[in-house]
Amino acid sequence: MVKEAHTPGPWEVSWNGPEVAFVETVRPGPDGDPQEIFGAAAEGATTGEAIANAHLCAAAPCMKSALRALLDEISGTAAIDSEAAGKAFAALAKAEGRATA
């Protein structure tokens, strides 16, 4: 298993009033509190957009793991050469900071 460079998941969303949704780790950090990953402010976006953005980001570690597992599952089949698999590999590269474009 490869050690991930990002803060380990799972992540969750917590809401702090009408302007900011935070993405935090579920597991406690060194101080015993959840680690804040980042805040998704509603500035320039609606509150609904900020919440949706935070939920999408909170799901990132799980989606990355699932995508990697799916690509491993289809490795060695004709599906691995599909356009969809190519997009999946590109998404993983982007998530891991390896994207070239």
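Reader: Hi! What share of the contacts with a separation of 6 or more comes from residues 24 or more positions apart in the protein chain?

Author: Happy to help, and do keep in mind that this model is predicted. Take the contacts in the protein chain with a separation of 6 or more, and pick out those between residues 24 or more positions apart. Their share is 32%.

Reader: In what pattern do the helices and strands follow one another along the sequence?

Author: The protein chain has 3 strands and 3 helices to put in order. Reading along the sequence gives the pattern β-β-β-α-α-α.

Reader: What percentage of the residues of the protein chain count as buried?

Author: A residue is called buried when its relative accessible area is under 20%. The protein chain has 101 residues, and the share of them that counts as buried is 22%.

Reader: Let's look at one residue. Is E36 buried, partly exposed or exposed?

Author: E36 sits in strand β3, which covers residues 34–41. Leaving out residues up to four places away in sequence, it touches F22, V23 and E24. Its relative accessibility is 47%, and values between 20% and 50% fall in the middle class. So E36 counts as partly exposed.

Reader: How far apart are the C-alpha atoms of S14 and E36?

Author: S14 belongs to strand β1, residues 11–16, and is partly exposed with a relative accessible area of 21%. Along the chain, S14 and E36 are 22 residues apart. In space, their C-alpha atoms are separated by 9.6 Å.

Reader: And is A58 buried or exposed?

Author: A58 lies in helix α1. Not counting residues up to four places away in sequence, A58 touches W11, E12, V13 and V23. Its relative accessibility is 10%, and the limit for the lowest class is under 20%, so A58 counts as buried.

Reader: Which word describes how α1 and α2 lie to each other?

Author: Helix α1 spans residues 47–58 and helix α2 spans residues 60–74, with their axes 5 Å apart. The angle between them is about 45°. Angles under 35 degrees would be roughly parallel, and 65 to 115 roughly perpendicular. The value for this pair fits neither range, so α1 and α2 are oblique.

Reader: Which residues of α2 make the contact with α1?

Author: On the α1 side, the contact is made by L56, C57 and A58. By class, the contact has 6 nonpolar residues, with no polar and no charged ones. On the α2 side, the residues are A60, P61 and M63.

Reader: I see cysteines here. How many disulfides does the count come to?

Author: A disulfide is a covalent bond between the sulfur atoms of two cysteines. C57 is partly exposed at 27% relative accessible area, while C62, at 58%, counts as exposed. For a pair to count, the sulfur atoms must be within 2.5 Å. By this rule the number of disulfides is 0.

Reader: Which element gives the most residues to the largest nonpolar core?

Author: The largest nonpolar core has 6 residues: L71, I74, I80, A85, A88 and L92. Two elements, α2 and α3 (83–95), give two or more residues to this core. With 3 residues, the element that gives the most is α3.

Reader: Which residues are in contact with I80, leaving aside its neighbours within four places in sequence?

Author: I80 is one of the residues of the largest nonpolar core. Once the neighbours within four places in sequence are set aside, the contacts of I80 are L71, I74, S75, A85 and F89.

Technical notes
Residues numbered from 1 in each chain as written. Predicted model: local features only at pLDDT ≥ 70, side-chain atom pairs only at ≥ 80, totals over all residues. Heavy atoms only, no water. Axes fitted to C-alpha atoms, helices over the stretch in contact; angles between N-to-C directions. Helix = DSSP H or I, 4+ residues; strand = E, 2+ residues; numbered from the N terminus. Parallel < 35°, antiparallel > 145°, perpendicular 65-115°, else oblique. Contact = heavy atoms within 4.5 Å. Nonpolar A, V, L, I, M, F, W, Y, C, P; charged D, E, K, R; others polar. Buried < 20%, exposed > 50% of the residue type's maximum accessible area, 1.4 Å probe, protein only. Core = buried A, V, L, I, M, F, W, Y, C linked by side-chain atoms within 4.5 Å.
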